4 protein chains.
Amino acid sequence: ADLTLEQALKAIAAAKAEARRQGTLMNIAVVDAGGTLKAFERMDGAFLGSVDISIRKAKTARMFNMSTKALGDISQPGQSLYGIEVTNGGLVLFGGGELLHDADGVIIGAIGVSGSSVENDMAVAQAGAAGL
Amino acid sequence: ADLTLEQALKAIAAAKAEARRQGTLMNIAVVDAGGTLKAFERMDGAFLGSVDISIRKAKTARMFNMSTKALGDISQPGQSLYGIEVTNGGLVLFGGGELLHDADGVIIGAIGVSGSSVENDMAVAQAGAAGL
Amino acid sequence: ADLTLEQALKAIAAAKAEARRQGTLMNIAVVDAGGTLKAFERMDGAFLGSVDISIRKAKTARMFNMSTKALGDISQPGQSLYGIEVTNGGLVLFGGGELLHDADGVIIGAIGVSGSSVENDMAVAQAGAAGL
Amino acid sequence: ADLTLEQALKAIAAAKAEARRQGTLMNIAVVDAGGTLKAFERMDGAFLGSVDISIRKAKTARMFNMSTKALGDISQPGQSLYGIEVTNGGLVLFGGGELLHDADGVIIGAIGVSGSSVENDMAVAQAGAAGL
């Protein structure tokens, strides 16, 4: 079954809780199994430019069924997928995009977070994915 | 003051309540005073193509400080703004985009709804704006 | 000779004076003989969506060496250039784009105005062109 | 409060004064708090390709609330934000985009300058920001 809106909002709530714990201001996007935007929230004061990045992180993760960090690692200069970021209208190659799984481990979507350091973005995205 | 995330989610909740009353499945987007996406939700089963339309409706309304219905009325063949839809990366000329005002009547953003007939989209958007 | 920045700012000043006389809030753009943006000003409170429209009006006028009103007249449904608005990345087919000429009548650029009714936009653009 | 047109033109005047002191020909763009273009001037003889770059520099700075130089430093190959330039329709990763603050230190917009070496662009943008 595909991701429900209820699940998407649960993931966003878990992500926001981690952002508040960090003291960061995040843009948080969730896409469904088809890679289409399901829910999005921008915390007050979060970067304007992170709307697009958070959505792209979620889409990028789902497009290749791996975190954006994992995709980024194999897309650096000299690596096998170097240059992939210009495909699909623009991908994101740094951390903050994580897959969402159902109870059986099936991929049902992805979450993208942007607004702080890549390390903080990743921790918030992982908290969102875990909170599903 | 700009729209807060709390206000955006309140508008979306009011819009979803009206959609449930109608028995329709909607995409609902809210942009802030600068026209940037603040929050978005897609009800389960709602049109995939309405993600983009709902976001554009909200942006279109804020860009010209009028509902998309009002803009559409003056952009028909033979009307004064015919052809305006190709500007700004693509505008929406039919109803479902409404302005959001604060208690003093200042425009603080806009809501865009897409997923059913234009009449239903408009009613849901207006319910969202009223629920702010 | 091409339009100078001094001339562009003189045209914008004349346009703003007419907008103030009207009591309207305008976006005003000037392009040079090559159709490239030379100067732009958005009056406080003017439509956000008119940034793009004012620039496109100026470019559209210069691209075909006629006012956007004149181009629009021959691009309506049933007219000879119907559909031209989707070319060149998006043209504007309603009034508010006017050519700029030097003392010898040579076209040296164009001015585009957007922010009120088409009639007001045209009057402000013509005042700008006359003020050059 | 958002940036006024008067403030935007004051920043551009200060930037032009520094460009004249350098003997360079610059494109200078100012965006407001929402990241939307507020004013723009291209000095006579300045690069045509710098219209787009100066506007993108201003938008990029506001999108992430840091100078384009600071963003560029963390987006190089091997750095944390590598590849970010393909997001948001295209970002600029080299210097010349600087934030604009009001008297209370609140970010109210940004200035982007392009037309010479990056060092010169940065000095002109910083002069513009200081002249606000």
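## Helix 2 of chain A

Let's start with the covered residues of helix 2 in chain A: Ser50(A), Val51(A), Asp52(A), Ile53(A), Ser54(A), Ile55(A), Arg56(A), Lys57(A), Ala58(A), Thr60(A) and Ala61(A) are buried (under 20% relative accessible area, 1.4 Å probe, protein chains only). That makes eleven of 15 residues, so the helix is mostly covered. Helices here are DSSP runs of H or I with at least four residues, and strands are runs of E with at least two, numbered from the N terminus.

The helix covers residues 50-64, and its end C-alpha atoms lie 21 Å apart, which agrees with the 21 Å expected (1.5 Å times one less than the number of residues). Just after the helix, Asn65(A) adopts a positive phi of about 50 degrees.

## How the model is described

This is a predicted model, in which local features need pLDDT of at least 70, side-chain atom pairs count only at pLDDT 80 or more, and totals for chains, interfaces and linings use all residues. Residues are numbered from 1 along each chain as its sequence is written, chains are lettered from A and ligands numbered from 1 in the order written, and side-chain values use heavy atoms, leaving out hydrogens and water.

## Chains A and B

A turn of 179 degrees with a shift of 0.1 Å along the axis lays chain B on chain A with an RMSD of 0.1 Å (least squares on C-alpha atoms of residues with pLDDT of at least 70 in both). That is the relation of a two-fold axis.

## Gly109 of chain C

Gly109(C) sits in strand 4 (residues 107-114) of chain C and is buried, at 0% relative accessibility.

Terms used
Buried < 20%, exposed > 50% of the residue type's maximum accessible area, 1.4 Å probe, protein only.
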